[in-house]
Amino acid sequence: MAIDTRELNTNALQAQGITIDPLDDTSMVVNMGPQHPSTHGVLRVVLELDGETITKAVCHIGYVHTGIEKSMEYQTYLKAVTNTDRMDYLSAHINNAAYTLSVEKLLGIEPPPRGQYLRVMLMEVQRIASHLVWLATHCLDIGAMTVFFYAFVQREKLLDLTEMMSGVRMMPSWIVPGGLRGDAPDGWLERAKEFCDGFPKALAEIEDLLNANPIWRDRTQGVGIISAEECLELGVSGPTLRGSGIAHDARKATPYSSYEDFKFYVPVGEYCDVYDRFRVRMAEMYQSREIIKQCIENMPTGPVNVDDRKIVPPPRRELDNSMEAVIHHFKLWTEGFHPPVGESYVPLESPKGEIGFYIVSDGTNRPYRAHMRPPSFMNLQALSKMCAGRLIADVVAVIGSIDIVLGEIDR
């Protein structure tokens, strides 16, 4: 008795919650992932192929689900900050800020100017570092190995800046409710200026390798097209949205952390393809460098935290001389603070797109609900439209152009 392998394959997919209607008896259903280097994490894409042409692509996620959001609801507001680092682990400072700004909105507080400017500076350092990882891995997926090394040399300098500030290269949890865990150390601004001075030349060298490279253009131009209307329907944001011609950036649309003080422009694409998304991110790195320069040149003096010992721990030097400081320190780290009953959401612009935390307070010392709007999760929905009608080899280029992180998608 002959076995219908096509029927067995379809039944197996349906058992896993995936439904693909066969085009005809000549089409083939294959898995890309979940263990595949170019999916940038544990992502499974089920592809139906007519020859080498994709007729349908379905994403299957959840392989690295950690329950981070639920874990945050069982920690005090201050301790929950550390969870945000582990979602988009390439954008820790911005994740910290997204959560922190929502909590500060509940508390009705705002850090002083120096704290705001340092936040902006850290977030733009993180944006460039994240884009450099995207650039390195995106090029490596398509075959441009040299760019990987060039990009990581520059990223190392940015990680050194983060380490100099916080003591760690990744997962700093440095932006917290009320301000920051500490001021910039001596020499930090000067070292950041050194990076800004040398970065344009380094980035221009990378662009010289790619912009007019015929192989790079063949692999990216006219590939993964998605219109502005389709982006809006799917909730796509960030460079993927701007690559389709819509100049929406939360730093401009709804300024936060003093972004209204800085001059920068929002780059957009015209042809809605992988190449446009590449050009948008490259331009964004130049703009982030300009913002960092403005931070250095106009950095305010004064404190970096709000003057409220019930929200921000007292300086360590006070603990030796003040019993009141010891009490505040003990109460804050054991019990935390109690925001008033309410809810808040503040949209930020992460390297991937709009990020924000919907925080619900019931008046206790921990969030009743902490839910993240993850840009990678929203943007991944566009993969099916981008891949339809393209060759299977183009999936690698399309996934890289979206710039996803599975830790943020699964949470």
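The following exercises, each with a worked solution, concern the packing of a predicted model.

Residues are numbered from 1 along each chain as its sequence is written, and side-chain values use heavy atoms, without hydrogens or water. As the model is predicted, local features need pLDDT of at least 70 and side-chain atom pairs count only at pLDDT 80 or more, while totals for chains, interfaces and linings use all residues.

**Exercise 1. Nonpolar cores**

Determine which helix gives the most to the largest nonpolar core.

Solution. A nonpolar core is a set of buried Ala, Val, Leu, Ile, Met, Phe, Trp, Tyr and Cys residues joined through side-chain atoms within 4.5 Å. Buried means under 20% relative accessible area, exposed over 50%, and partly exposed in between (1.4 Å probe, protein chains only). The largest such core has 77 residues, and those with the most contacts inside it are Tyr-99, Met-121, Leu-135, Trp-188 and Leu-348. Helix H5 (residues 113–142) gives the most, with 15 residues; helices (H or I, at least four residues) and strands (E, at least two) are DSSP runs, numbered from the N terminus. A second, separate core of 26 residues includes Met-32, Leu-47, Ile-226 and Met-386.

Next, take the contacts of Met-121, where contact means heavy atoms within 4.5 Å. Leaving aside residues up to four places away in sequence, Met-121 touches Trp-188, Leu-189, Ala-192, Ile-292, Cys-295, Ile-296 and Met-299.

**Exercise 2. Helix H7**

Compare the expected span of H7 with the distance between its end C-alpha atoms, and locate its kink.

Solution. The expected span is 1.5 Å times one less than the number of residues. For the 23 residues of H7 (residues 188–210) this gives 33 Å, and the end C-alpha atoms are 32 Å apart, which agrees. A kink of about 40° lies at Phe-199, shortly before Pro-200; the bend is the angle between axes fitted to the seven residues ending at a residue and the seven starting there. The buried residues of H7 include Trp-188, Phe-195, Phe-199 and Glu-207. Those buried residues pack against H5, helix H6 (145–166), helix H8 (214–220) and helix H12 (274–298).

**Exercise 3. Aromatic pairs**

Classify the ring pairs that Phe-278 forms with Trp-216 and with Tyr-275.

Solution. Rings of Phe, Tyr and Trp (its six-membered ring) pair if their centres lie within 6.5 Å; planes under 30 degrees apart count as stacked, over 60 as edge-to-face and the rest as tilted. The whole structure holds 12 aromatic pairs. For Trp-216 and Phe-278 the centres are 5.3 Å apart and the planes stand at 70°, so the pair is edge-to-face. This pair links Trp-216 in helix H8 to Phe-278 in helix H12, 62 residues apart. For Tyr-275 and Phe-278 the centres are 5.6 Å apart and the planes stand at 55°, so the pair is tilted. Tyr-275 and Phe-278 both lie in H12, three residues apart, about one turn of the helix. Both Trp-216 and Phe-278 are buried, and Tyr-275 is buried as well.

**Exercise 4. Two polar contacts of Glu residues**

State whether Glu-73 is buried or exposed, and identify the side-chain partners of Glu-73 and Tyr-358.

Solution. Glu-73 lies in the loop between helix H2 (68–72) and helix H3 (81–84). At 7% relative accessibility, Glu-73 counts as buried. Its side chain makes a polar contact with that of Lys-70 (2.9 Å); such a contact is a pair of N or O atoms within 3.5 Å, where, within protein, one must be able to donate a hydrogen and the other to accept it, and residues adjacent in sequence count only if both atoms are side-chain atoms. Tyr-358, in strand E8 (residues 354–361), is partly exposed at 31% relative accessibility. A polar contact of 2.4 Å joins the side chains of Tyr-358 and Glu-343.
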